[in-house]
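Here are my notes on this model, written while clicking through it. Have it open next to you and follow along point by point.

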Amino acid sequence: MSPGDEHGYTDTARTRLRLPEDPYTHSPRRNSSRGLVTVVGVVVVLIAAIAFANRGDTPRNTTTDKNTPSGNHPSTSATSPTGTDPVGAKTGGIPTGYAHSRQGAESAGANYATALVSADFLKPARRAEIVKQVFVPSQQASLSQKFDKAYNPKFLSDIGLDANGNAAAGQTYVSRTAPIGTKTTDYADSVATVEVWCTGLYGTAGDRSTSPVTSDWFTLTLRLNWSGGDWKVESFSQEDGPAPVPGDDKASSADQMAKAVQEYGGFTYAR
């Protein structure tokens, strides 16, 4: 599932229907690389342990971008923690109260990405709450109409959901996003453009599912405004990738996937 940008949501939907072919039964995969991976993994763990033991008690960096020359990033790497608190609270399950800085805009972009590309966004009642929380007031009415038109009952039925966005009995619809990193491409006092590189899961776990849970990689670009004392989305768009070479992990069963989604919660993301 993907909202896409504000011009044509149906064309950019992430959900892709697949013909049934016993999707959760897979032939054995080659494991020739497992031995080497295990050795490398042990070496990496040892190096990390030594580095941790030898590191000094460096104070946390509490300097925001406002205190750096020309609004540049701090000396930390692009997506490492900076010590600035990401949010002050949560409203309707969505983090709110971001810092009025480049870091705050990136934190907002990451958390808004998880909300916009979520299973809740396909539920009309919950979608109305998310739109109200995430978008600037001037865009809420028009976007709500466009989203409702894109995610109409027929669209929901095509991906195995009822008119309320719920999966059939015995099935679990999955759409969960994990930001990998953020990048600010434009920043001023009241506006910011943030790119959020994401990976995600989407599909339906359960018996007779024609859309088994799979993964994808995409980048959301969000245009943010400082509005009402917080960062809000004015507009956004999506493009595929960057995507890595697929690994040789064995796919889990539908029951295992549904259980994992139900038992493992999400995170609040911060720059």
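1. Let's begin with the end of the sheet. Strand β5 (residues 214-227) and strand β6 (residues 230-240) run antiparallel and are joined by ten bridges. Bear in mind that this is a predicted model. Two residues sit between β5 and β6, making the pair a hairpin, and G228 in that turn has a positive phi of about 65°. If you want to check the register by eye, W226 stands opposite W231 in β6, and T221 stands opposite S237 in β6.

2. Stepping across to the next pair, strand β4 (residues 191-206) is joined to β5 by twelve bridges, again with the strands antiparallel. A handy marker here is A192, which stands opposite L224 in β5.

3. Then comes β3 with β4. These two pair in the antiparallel sense over 15 bridges, and three residues make up the hairpin connection from β3 to β4. For the register, look at R176, which stands opposite L201 in β4.

4. Put those pairs together and what do the four strands form? They make an open sheet in the order β3-β4-β5-β6, with antiparallel pairing. At its edges are β3 (171-187) and β6, each of which pairs on one side only. Ignoring direction, neighbouring strands in this sheet are turned by 30° against each other on average. When you pick out side chains on these strands, remember that in a regular strand they alternate between the two faces of the sheet.

5. Now the helix on the sheet. Helix α2 lies across β3, β4, β5 and β6, and runs at about 160° to β3. Is α2 mostly buried or exposed? Of its 15 residues, 14 are buried, so the rest of the structure largely encloses this helix. The geometry also passes a quick sanity check: at 1.5 Å a residue, the 15 residues of α2 (residues 102-116) should span 21 Å, and the end C-alpha atoms are indeed 21 Å apart.

6. One residue of α2 deserves a closer look, namely N111. Why does N111 count as buried? Its relative accessible area is 2%, and the cut-off for buried is under 20%. Leaving out residues up to four places away in sequence, N111 touches P95, Y98, F267, T268 and Y269. N111 and A178 are 67 residues apart in sequence, yet their C-alpha atoms are 9.2 Å apart in space.

7. On to the helix pair that follows. As a reminder, two packed helices are described by the angle between their axes and the distance between the axes. Helix α3 (residues 124-134) and helix α4 (residues 137-150) pack at an angle of about 150°, and their axes are 10 Å apart. The crossing of α3 past α4 is right-handed. Which residues meet there? From α3 they are R127, V131 and K132, and from α4 they are Q140, S144, F147 and D148. Sorted by class, that contact has two nonpolar, two polar and three charged residues. If you are reading the spacing along each helix, an α-helix has 3.6 residues a turn, so residues three or four places apart point the same way.

8. A backbone detail to keep in mind if you prepare this model for a calculation: the peptide bond from G241 to P242 is cis, with omega near -5°. P242 is in the loop between β6 and α6 (254-263).

9. Finally, the whole chain. Its secondary structure comes to six helices and six strands, and from the N terminus the elements run α-β-β-α-α-α-α-β-β-β-β-α. Of the 271 residues, 38% count as buried. Taking contacts between residues at least 6 apart in sequence, 62% join residues at least 24 apart.

Key
Residues numbered from 1 in each chain as written. Predicted model: local features only at pLDDT ≥ 70, side-chain atom pairs only at ≥ 80, totals over all residues. Heavy atoms only, no water. Axes fitted to C-alpha atoms, helices over the stretch in contact; angles between N-to-C directions. Left-handed = near helix turned anticlockwise from the far one by under 90°. Contact = heavy atoms within 4.5 Å. Nonpolar A, V, L, I, M, F, W, Y, C, P; charged D, E, K, R; others polar. Expected span 1.5 Å × (residues − 1). Buried < 20%, exposed > 50% of the residue type's maximum accessible area, 1.4 Å probe, protein only. Pairing = 2+ DSSP bridges.
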